Amino acid sequence: KSEIAIFFLVLIGSSYLTEVIGIHALFGAFMAGVIMPDNQKFKQILIEKIEDIALVLLLPLFFVYTGLRTEIGLLNDMTLWSVCGLVIFVAIIGKFGGSAAAARFVGQNWKDSLTIGALMNTRGLVELVALNIGYDLGVLTPEVFTMLVLMALITTLMTAPSLNLIEKLSRKKVPVISPVTKTEAKFRVLISFGNPDMGRLLLRMIHRLANGHGYIHITALHMFAGNLFTRYKLDDFEKESFSAILNESKKTGLPVETIFKVSDDITSDIITESKNKYDLLLMGIGQSIYEGTTLGRILGTVSKLANPSWLVQKLGTRTTPVFDHLDQRTQEIVSRCRIPAGILINRNLSEIRKVLIILGNEGNQLIDFLPQFIQNHEVNITFLDKQKIFKDSVSILANKQKNILYSSDIDLADKNLHVYDLVFVALNDWLKINHIISMKHSSILILKVR
């Protein structure tokens, strides 16, 4: 994608400039990383695009390059080996012991202190990069370079055994973090979220709309794609992931069951979990990966200009609607999911007093489905029927619920649309109107009912 190309151009340009002025290119690459948008979705896109080639090709080549420069034969007497052993010993005491002691001093328990020490003791790739730079500059002799490479390898290899030993010595029963008991419910909702704040927002929305603690059963699902070291602390990641939604559960009195899984294929696992168990799957989308920083907005503008479909849309010649606001994973989940699915596009949703339901070609499905979900009579609901074909169906609902209104003349491009806190629209209908309705006005819940 164009954003990946822009990222590499910034990276290469920054590295080249620092090399020209006499500073190693590594520092230029570091500065390029510092100025990139601090956004989890942006990071995830970069990881998905470059992780495989970096791990499979570039990383092995770097290790081979370092290995070819390491001449163990230079350590040809006991004095040099003694010095090498002393270097390793001092390195372990300095980082493992120093980090563990500092963590313990500031109040961490012994398990966490020793874990911090073991992780800090890992030299790994960064150490080898620094050693190669020092060797190129002539700061390190071949003998010292060899000793330090051996130190880096040994302290890195001892990390996993050290963590396993610490875990075994301090293992205890983990308390259950979900206070929920399973109960029978008429309407079962699965909330799938990555950002804990989005999980809390979705629960708050359900509470406001459903307004019936005994009527609805909610399960919060968080899929975690972790590496070796993050998987070691899964208990802490689980607590952090659900802390926001469980706090919201206590505030609203709406019970939540939690499911936490480490996954190598998040998309497929979400679809599998939702299959035949729930009446509705809810997901959320926050701000764009380009929002939040000036550089991010510049990259976003450049990316749009480099996107032919966006240019065609702006020129008014687009013939096929583009689902601009959904990432690839969300689109795949929605398309493959066998139960009704909703995607909340959040635009500072706080309170829900007025709801607009847009009835298009899939208006019948929305009319049949939504009354099961929206049970709060304090929320004003307006059905917008531009085609004027669902008036009788809405009238039947209005006779049962006095908070329901019918309209056929609301302009979706009107700036006054912000009076509605939340807009409901079917997926296929959204594809036809997403270029009309302003995303700055209201939060939107896109539903695939069938």
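The legends below describe close-up views of a predicted model.

**View 1. The ten-stranded sheet of the predicted model, shown whole.** The sheet is open and has 10 strands, in the order β3-β2-β1-β4-β5-β10-β9-β6-β7-β8. Its pairing is mixed. Strands β3 and β8 (404-407) form the edges, and each of them pairs on one side only. Ignoring direction, neighbouring strands of this sheet are turned against each other by 20 degrees on average.

**View 2. Strand β6 between strands β7 and β9.** Strand β6 spans residues 354-358 and is mostly covered, with four of its five residues buried. Towards strand β7 (residues 380-384), β6 pairs in the parallel sense over five bridges. Within this pairing, Val355 has Ile381 of β7 as its bridge partner. The pairing of β6 with strand β9 (residues 422-426) is parallel too, and has four bridges. Here Ile358 is matched with Val425, its bridge partner in β9. In a regular strand, side chains alternate between the two faces of the sheet.

**View 3. Strands β4 and β5 with two helices that pack on the sheet.** Strand β4 (residues 280-285) and strand β5 (residues 341-345) run parallel and are joined by five bridges. Met283 has Ile343 in β5 as its bridge partner. Helix α9 lies across β1, β2 (216-224), β3, β4, β5, β6, β9 and β10 (443-448). The direction of α9 is at about 130 degrees to β4. Helix α15 (residues 328-336) also packs on the sheet, where it touches β4, β5 and β10. The direction of α15 makes about 165 degrees with that of β4.

**View 4. The aromatic cluster of Phe193, Phe242 and Phe260.** Five aromatic pairs are found in a search of the whole structure. One of them is formed by Phe193 and Phe242, with 5.9 Å centre to centre and 80 degrees between the planes, an edge-to-face arrangement. Phe193 sits in the loop between β1 (187-192) and α9 (196-210), while Phe242 belongs to helix α11 (residues 234-252), so this pair ties together parts that are 49 residues apart in sequence. Both Phe193 and Phe242 are buried. Phe242 also pairs with Phe260: the ring centres are 6.4 Å apart and the planes stand at 75 degrees, so this pair is edge-to-face. This second pair links helix α11, which holds Phe242, to strand β3 (residues 256-262), which holds Phe260, 18 residues apart. Phe260 is buried, as is Phe242. Phe193, Phe242 and Phe260 together form one cluster.

**View 5. Packing of helix α6 against helix α7.** Helix α6 covers residues 124-137 and helix α7 covers residues 142-157. Their axes are 10 Å apart and meet at an angle of about 175 degrees. Angles over 145 degrees count as roughly antiparallel, and α6 and α7 are therefore roughly antiparallel to each other. On the α6 side, the contact is made by Gly124, Glu127, Leu128, Leu131, Asn132 and Tyr135. On the α7 side, Pro142, Phe145, Leu148, Val149, Met151, Ala152 and Thr156 take part. By class, the contact of α6 with α7 has nine nonpolar, three polar and one charged residues.

Key. Residues numbered from 1 in each chain as written. Predicted model: local features only at pLDDT ≥ 70, side-chain atom pairs only at ≥ 80, totals over all residues. Heavy atoms only, no water. Axes fitted to C-alpha atoms, helices over the stretch in contact; angles between N-to-C directions. Parallel < 35°, antiparallel > 145°, perpendicular 65-115°, else oblique. Contact = heavy atoms within 4.5 Å. Nonpolar A, V, L, I, M, F, W, Y, C, P; charged D, E, K, R; others polar. Phe/Tyr/Trp six-rings, centres within 6.5 Å; stacked < 30°, edge-to-face > 60°. Buried < 20%, exposed > 50% of the residue type's maximum accessible area, 1.4 Å probe, protein only. Pairing = 2+ DSSP bridges.
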